[in-house]
Structures are given as C-alpha cells and as structure tokens.
Amino acid sequence: MSESARITFAIPFLRPIGYLREALESVRAHRRGEWRCVVLDEGAEAETAAVVAALGDPRFERCANPARLGMVGNWNQG
C-alpha cells in the first residue's frame, strides 16, 4: 500500500462514551497515509456528537443513524 492510499476507519458506536474516546485517540495516532474516520452513532450516548466535534479535526465525521440498527446493521452501515 502506498503512502497516498486512502484509508477509512469505521467505528460503529453504542456505548460507553469512554471507549469511543479511546478509539478516536487511537485513530488520531495513525500517521501513515491519508485517512478519515466515520463514527456510526446508534444514538445511545447524548454526548457522542460533542466528543467527535471536540477533536476539531475534519477527518473525523459522525453519522447518526435515524433509528437503532442493532450491532449487525450498524456494522453494515460502515
């Protein structure tokens, strides 16, 4: 894989918020190539949007599911 390869990290998320913070910091530490990260939000944690926004990094994006999709549905969304 070349340095310019594009990588998308998909993080299906339900709860708890502490795990999301850890996962996002792990992705943020990724230094190789161009990447983005999409948090697939099942909506169980009210502060999910704030946690993603607080990163202040346009490579992180939150996609809120309009309804609960369940574990498999949320993974498939990614």
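Pro12 has Leu40 as its bridge partner in β2. That contact belongs to a longer pairing in this predicted model: β1 and strand β2 (residues 34–41) run together in the parallel sense over 8 bridges. Adding β3 gives an open sheet of 3 strands in the order β1-β2-β3, with parallel pairing. β1 (6–13) and β3 (60–64) are at the edges and have a single partner strand each, so one side of each has no neighbour in the sheet. From one strand to the next, the twist averages 20°.

Now for the helix that covers these strands. Helix α1 (residues 17–28) lies across β1, β2 and β3, and its direction is at about 175° to β1.

**Aromatic side chains on the sheet**

Which residues do ring pairs link into a cluster? They are Phe9, Trp35 and Phe60. The count of aromatic pairs comes to 2. In one of them, the ring centres of Phe9 and Trp35 are 6.0 Å apart and the planes stand at 75°, so this pair is edge-to-face. Phe9 belongs to strand β1 and Trp35 to strand β2, so the pair ties together parts that are 26 residues apart in sequence. The other partner of Trp35 is Phe60: here the ring centres are 5.3 Å apart with the planes at 75°, so this pair is edge-to-face too. This pair also links distant parts of the chain, with Trp35 in strand β2 and Phe60 in strand β3, 25 residues apart.

Are these three rings buried or exposed? Trp35 has 3% relative accessibility and counts as buried. Phe60 is buried as well, with a relative accessible area of 7%. Phe9 has a relative accessible area of 23%, which makes it partly exposed, because the buried class is kept for values under 20%.

**Charged pairs**

How many salt bridges does the count come to? It comes to 7, and the table shows some of them, including the distance between the closest N and O atoms or from N to O.

| Salt bridge | N and O distance |
|---|---|
| Glu47 with Arg21 | 3.1 Å |
| Arg28 with Glu25 | 3.8 Å |
| Arg36 with Glu61 | 3.2 Å |

Take the Arg36 and Glu61 salt bridge to begin with. Arg36 sits in strand β2 and Glu61 in strand β3, so to speak of the sequence, they are distant parts of the chain, 25 residues apart. Arg36 counts as partly exposed at 29% relative accessibility, and Glu61 counts as partly exposed at 33%.

The salt bridge between Glu47 and Arg21 also links distant parts of the chain. Glu47 lies in the loop between β2 and α2, while Arg21 lies in helix α1, 26 residues apart. Glu47 has 35% relative accessibility and counts as partly exposed. Arg21, at 39% relative accessibility, counts as partly exposed.

Arg28 and Glu25 form a salt bridge within one element. They are 3 residues apart in helix α1, which means that about one helical turn separates them. Arg28 has a relative accessible area of 25% and is partly exposed. Glu25 counts as partly exposed at 41% relative accessibility.

**Where to trust the model**

What is the mean pLDDT of the protein? The mean is 88, and 94% of the residues reach 70 or more. Among the elements, helix α2 (residues 48–54) has the highest mean pLDDT, at 95, and helix α3 (residues 70–77) has the lowest, at 86.

Over which residues does pLDDT stay under 50? This is the case for residues 1–5. The model has 8 contacts for residues 1–5 beyond four places in sequence. Where pLDDT is low, predicted coordinates should not be read in detail.

Methods. Residues are numbered from 1 along each chain as its sequence is written. This is a predicted model: local features need pLDDT of at least 70, side-chain atom pairs count only at pLDDT 80 or more; totals for chains, interfaces and linings use all residues. Side-chain values use heavy atoms; hydrogens and water are left out. Two strands pair if DSSP finds at least two bridges between them. Helices (H or I, at least four residues) and strands (E, at least two) are DSSP runs, numbered from the N terminus. Axes are lines fitted to C-alpha atoms, for helices over the stretch in contact, and angles run from 0 to 180 degrees between N-to-C directions. Contact means heavy atoms within 4.5 Å. pLDDT is the predictor's confidence in each residue, from 0 to 100. A salt bridge is a side-chain nitrogen of Lys or Arg within 4 Å of a carboxyl oxygen of Asp or Glu. Buried means under 20% relative accessible area, exposed over 50%, partly exposed in between (1.4 Å probe, protein chains only). Rings of Phe, Tyr and Trp (its six-membered ring) pair if their centres lie within 6.5 Å; planes under 30 degrees apart count as stacked, over 60 as edge-to-face and the rest as tilted.
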